[in-house]
Amino acid sequence: MSETNGNSKSKLHGLWALTNRELKKWYKAPVIFLLSIIQPILWMGLLGKAMNIGAMFSSGTFTLPQDLISQFTPTQLHLLGSYFAGLQTSILQGAFNTTDYFSFMAVGMIAFTALFTTMFSGMSVVWDRRLGFLNKALSTPVSRAVIIFSKVLSATLRSMFQAGLIILIAVAFGLQFGAGFNPINVLGVFGIMFLICVGLSSVFIAITIRSTRIETPMAVVNLINLPLMFASNAFFPTKFMPDWLQTIAKVNPLTYTTDAVRQLLIFSTDWGQLALDFTYVGIFAVVAATIGIVLSWSFLSK
Amino acid sequence: MSEIIKAEGLTKVFNHHLTAVDHINFGVNQGEIFGFLGPNGAGKTTTINMLITILKPTEGKASVSGFDIGQQANSVRNVTGVVPQEYTADEDLTGLENVFLCADLYGIPRNIAKERAADLLKLVELTDFKDKKVQTYSGGMRRRLELACGLINRPKVLFLDEPTLGLDVQTRTATWNYIRTLKKEYGMTLFMTTHYLEEADALCDRVAIIDHGKIIVVGSPEDLKHSLGGDSITLAIKENADVSELIQKVEHVKEVRKENGAYRIKAELGEVTTPLIIETLRKNGYTVTKLSLTEPTLNEVYLEYTGKSMRDAEESREAIATQRMTMRRARQ
């Protein structure tokens, strides 16, 4: 009766079916889809436009006392004026490597999205366990690794879609591309996003797959997401951080992800630094995915 | 008849001390409906989970359709279908999408899956609802959808874990009919667990009563009922005297007990023996005031072998149903 099941199927059969099951919940539910688009816009508006660090250094903030001005000749005043005007640019350039804080922050949002999307999609593992779907999948000939990797892949694809969206929105809001920007660089952004998302979601799935209660992974996520985000260069350069924080930021893969995206989009690309970023995030992805999948696998075949 | 499922010394110990299944041995014949009957926590679901290769046995071995559940797990998965206790269908997808998802998990090509899905949805009478989201399905419809999913790979053995848990009487009867059809028309072997004694009685060719991880007795419902030693007769007399000796002498009577002023009598051929007892009593000048005759049910078999009333199990079943509802709501 079951000959038709055949042995022709590949080791990866079911991967797309399981991945698409996750994705359908997202793109077939208009509310969730819309919210996932609004979220980055909101953050960008709040962080990029409300906390406009660039405006703090504009010439309007510097007004010399009237009695001081009267001591200068008009020529000297003009020179002083152009010095302060240049100061703004050089402070921004020195601190953020770009003259536009919005561009700096908007790119940081991309890493932020990767972190949040992968964290919360790890939760779907808990639901699959509680509702019995995980056991159902385990009773079919689909490979255990495929079950885990489908979760990783769906989180990754969602994050990559959102990253693309953030770039588009940021451009609409006035993102300034770097001098040597080439549209091909966007592919590089997707590349680094793929690596970081695979790494992060593998870690979160290894954490969540063991818990039967949704509260446990929620607590873990809430504990680590914001510290992980702010102990990176996503919103502020690491060089102004205290030493201990700099050390954390230095090993935080989000720092390298954000730097890679900046190098590709808004800085004049430093290829050496970019290669280092890709290597670091690549190693993180491979190590995290290996550990995550091995841990999940051993749990599934108890 | 050949044995399609065979278990030898199958054991599962959780966390080194909790023995869920304790060295059980049994065989299931090709084409029969075999039932595991027992209270909550008896080890029924754990046994199923080992047979469908979700859990690794701590000790012992088992085979399904000739494949070892340990070494040939993937072959076992290919020839078995599972209808789990929970509603596992995805609420956000339609019925048809769910069936296709199951087909994909078995690696069934889409063109074959389409044909089978159409047939199966017709079998479980969901054709009209196939493009509706599962959210909108009733409990009975969800259960039928699970059945369709479990059959998509045309399994040789179908495992049903509490197939009618939480269903109303009407839907339960309908589900029984689907199960009978599978046996009759497809020659499928069915392995099911149940709390419902009447379900085991109505459906199963053979039943294993399991408690505390051990199989206590295996047999057809008829044999098990017969093993209790016949029908039970309860009677009371007007006079204040002990007539146990007198009743004991009546033909076919096996046992007499006096409890709270009534006599509980076990006898074979109850319908024949009862008039004989009444006659004997009347001849000796006694008047029978109350009388009842009950044929043994699986309920009594259960009570006899597990020493537990089914009411305890009944309550915990409701608790499970409530918990499931809460989980479903929480998810939305």
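How far apart do the C-alpha centres of domain 1 of chain A and domain 2 of chain A lie? They lie 40 Å apart. The model is a predicted one, in which local features need pLDDT of at least 70, side-chain atom pairs count only at pLDDT 80 or more, and totals for chains, interfaces and linings use all residues. Residues are numbered from 1 along each chain as its sequence is written, while chains are lettered from A and ligands numbered from 1 in the order in which they are written.

**Domains**

The table lists the domains of both chains; their bounds come from an automatic or database domain assignment.

| Chain | Domain 1 | Domain 2 | Separation of C-alpha centres |
|---|---|---|---|
| A | residues 14-51 + 98-300 | residues 52-96 | 40 Å |
| B | residues 3-220 | residues 229-295 | 45 Å |

**Chain B as a whole**

Chain B contains 12 helices and 14 strands; helices (H or I, at least four residues) and strands (E, at least two) are DSSP runs, numbered from the N terminus. Taken along the principal axes, the C-alpha atoms of chain B fill a box of roughly 80 × 45 × 40 Å. Of its 332 residues, 43% count as buried. A residue is buried if 20 or more other C-beta atoms, placed from the backbone, lie within 10 Å of its own, exposed if 12 or fewer, and partly exposed in between. Among the contacts in chain B with a separation of 6 or more, 69% join residues 24 or more positions apart; two residues are in contact if their C-beta atoms, placed from the backbone, lie within 7 Å.

**The contact between the chains**

Chain A contributes 28 residues to the contact and chain B contributes 27 residues. On the side of chain A that touches chain B, the elements giving two or more residues are helix H1 (15-27), helix H7 (123-130) and helix H8 (133-138). H8(A) gives the most, with five residues. By class, this side of chain A has 10 nonpolar, 10 polar and eight charged residues. Here Ala, Val, Leu, Ile, Met, Phe, Trp, Tyr, Cys and Pro count as nonpolar, Asp, Glu, Lys and Arg as charged, and the others, Gly among them, as polar.

H1 and H8 of chain A also help to cover helix H3 of chain B, together with helix H4 (110-123) and helix H5 (139-151) of chain B. In H3(B) (residues 95-105), 11 of the 11 residues are buried, so this helix is largely enclosed by the rest of the structure. The buried residues include Glu97(B), Asn98(B), Val99(B) and Asp104(B). Gly107(B), which follows H3(B), has a positive phi near 70°.

**Nonpolar cores and helix packing**

A nonpolar core is a set of buried Ala, Val, Leu, Ile, Met, Phe, Trp, Tyr and Cys residues joined through C-beta atoms within 7 Å. The largest has 146 residues, and those with the most contacts inside it are Val99(B), Ala148(B), Ile152(B) and Phe159(B). H6(A) gives the most to this core, with 14 residues. Apart from it lies another core, of nine residues, including Ile233(B) and Ala267(B).

Leaving aside neighbours within four places in sequence, Phe159(B) is in contact with Ile48(B), Leu51(B), Ile52(B), Thr80(B), Val82(B), Val83(B) and Phe191(B).

In chain A, helix H6 (residues 101-121) packs against helix H11 (residues 215-230) at an angle of about 170°, with the axes 11 Å apart. Axes are lines fitted to C-alpha atoms, for helices over the stretch in contact, and angles run from 0 to 180 degrees between N-to-C directions. H6(A) and H11(A) are therefore roughly antiparallel to each other, a term for angles over 145 degrees. Phe112(A), Leu115(A), Phe116(A) and Met119(A) of H6(A) meet Val221(A), Asn225(A), Leu228(A) and Met229(A) of H11(A). This contact has seven nonpolar, one polar and no charged residues.

Notes. Angles under 35 degrees count as roughly parallel, over 145 as roughly antiparallel, 65 to 115 as roughly perpendicular and the rest as oblique.
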